[in-house]
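Please examine the predicted model shown below, giving attention to its strand pairing and to its cysteines.

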Amino acid sequence: MTASVHGPVDVVCLGESMVTFLPTQAGRLADVPSFVRGIGGAESNVACALAAAGHRTRWVGRVGADGFGDHLVSAIAAYGVDTSAVARDPERPTGVYFRTATDRATDAHEVVYYRAGSAASAMSPHTVPSGAIRSGRVLHLSGITAALSPDCLALMRDLATRRDGGPLVSFDVNHRPGLWGDPSAAGVLLELARGADIVFVGEDEAEEAWGVRGPDAIRAALPEPSVVVVKRGAAGAVSFTRRPERHSTPDPGAVTVTDADTVTTVPAPRVTVTAPVGAGDAFAAGFLSATLRGLTAGQRLRHGHLWAAAALTVPGDLAAPPAAGHADRLAALDDEAWGRLHLGPGWTGEDQEVRTP
């Protein structure tokens, strides 16, 4: 089943989506007896979260002409995402992967990908519909796509370029060393990030990929984008915005102004984590949602944190975002009340577990 969105599109997301197999219990892959099928893909995760929040989104990708491809397209369309530009490849399979239940940051975490030669690796400037890609207000990409094949890298180089009259280009670095297999990743990801308008990068991955440490050094390495968001895990996030934006309400968080940037720092709320996966994609979706709504830099960061908290408090990679009104009320808290937030499982629903001791 494919779905089409009628009217203007807010965000177009391009990248590989895969069928994921999530373990039914903790342990090594060798010991886990069974798995539950899900869907995964950084870009389609962003599209699904934004669609669930009421934004018009389109996912552009390529899947096999197989049952797993059918499942992916149907599952993503069920969120309200336009999948009419997804191509079916009769020669190549849909990618799949298996992972353990442990934190990705630990040595015990295992991920096994079966994506080499996948349908998505055949994406190129000649196999994707350019009109569908550039039809939104925002085009969201990630560094994962560039690692899939030389053709995918050529596509990314074509898309991760600011153009007058084109959509805002949003780029999540998503450094995955295991996908590259050679040291070229660092330079490629830096090149792509410097061509975007909005960049999301983790403080840890910037140090690993580029050898730069700290938000200021990361901004110095990425001088071109209008907005650079540095994610610092539990410590929060920092945004660098080139052109100061004037708003009638004060911006939450710590704000400083330099000759080139408005720098906004917002701590993350405390979260009782159910599964430490999916937070990065959810953060990007929350930030983009607030950007589309014209909110301040501090509000964008707070919505990013809240959407990430929604993902962290559910078992899978993809979570429904908090209702706009609920998120707006929490994002509008003063700094002291924001600092007391503690979000646990169920906080996005009617039985919210939001503690402010």
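The following paragraphs treat one strand and its partners, and then turn to the cysteines.

In this predicted model, a suitable starting point is strand S1, which spans residues 9-14. This strand is mostly covered, with 6 of its 6 residues buried. Two pairings of S1 may be traced in turn. One is with strand S9, residues 136-142, where the pairing is parallel and comprises 4 bridges. Within that pairing, Val-11 of S1 has Val-138 of S9 as its bridge partner. The other is with strand S4, residues 57-60, which runs parallel to S1 and is joined to it by 4 bridges. Here Val-12 is matched with Arg-58 as its bridge partner in S4. As a general point, side chains in a regular strand alternate between the two faces of the sheet.

The cysteines come next. How many disulfides does the structure hold? The count is 0. For Cys-48, the reason lies in distance: the closest cysteine sulfur, in Cys-13, is 8.8 Å from the sulfur of Cys-48, and this is too far for a bond. The cut-off that matters here is a separation of the two sulfur atoms within 2.5 Å. Cys-152 likewise takes part in no disulfide, and its nearest cysteine sulfur, that of Cys-13, lies 16 Å away.

Are these residues buried or exposed? Cys-48 has a relative accessibility of 0% and therefore counts as buried. Cys-152 is also buried, its relative accessible area being 0%.

Notes: Residues numbered from 1 in each chain as written. Predicted model: local features only at pLDDT ≥ 70, side-chain atom pairs only at ≥ 80, totals over all residues. Heavy atoms only, no water. Buried < 20%, exposed > 50% of the residue type's maximum accessible area, 1.4 Å probe, protein only. Pairing = 2+ DSSP bridges.
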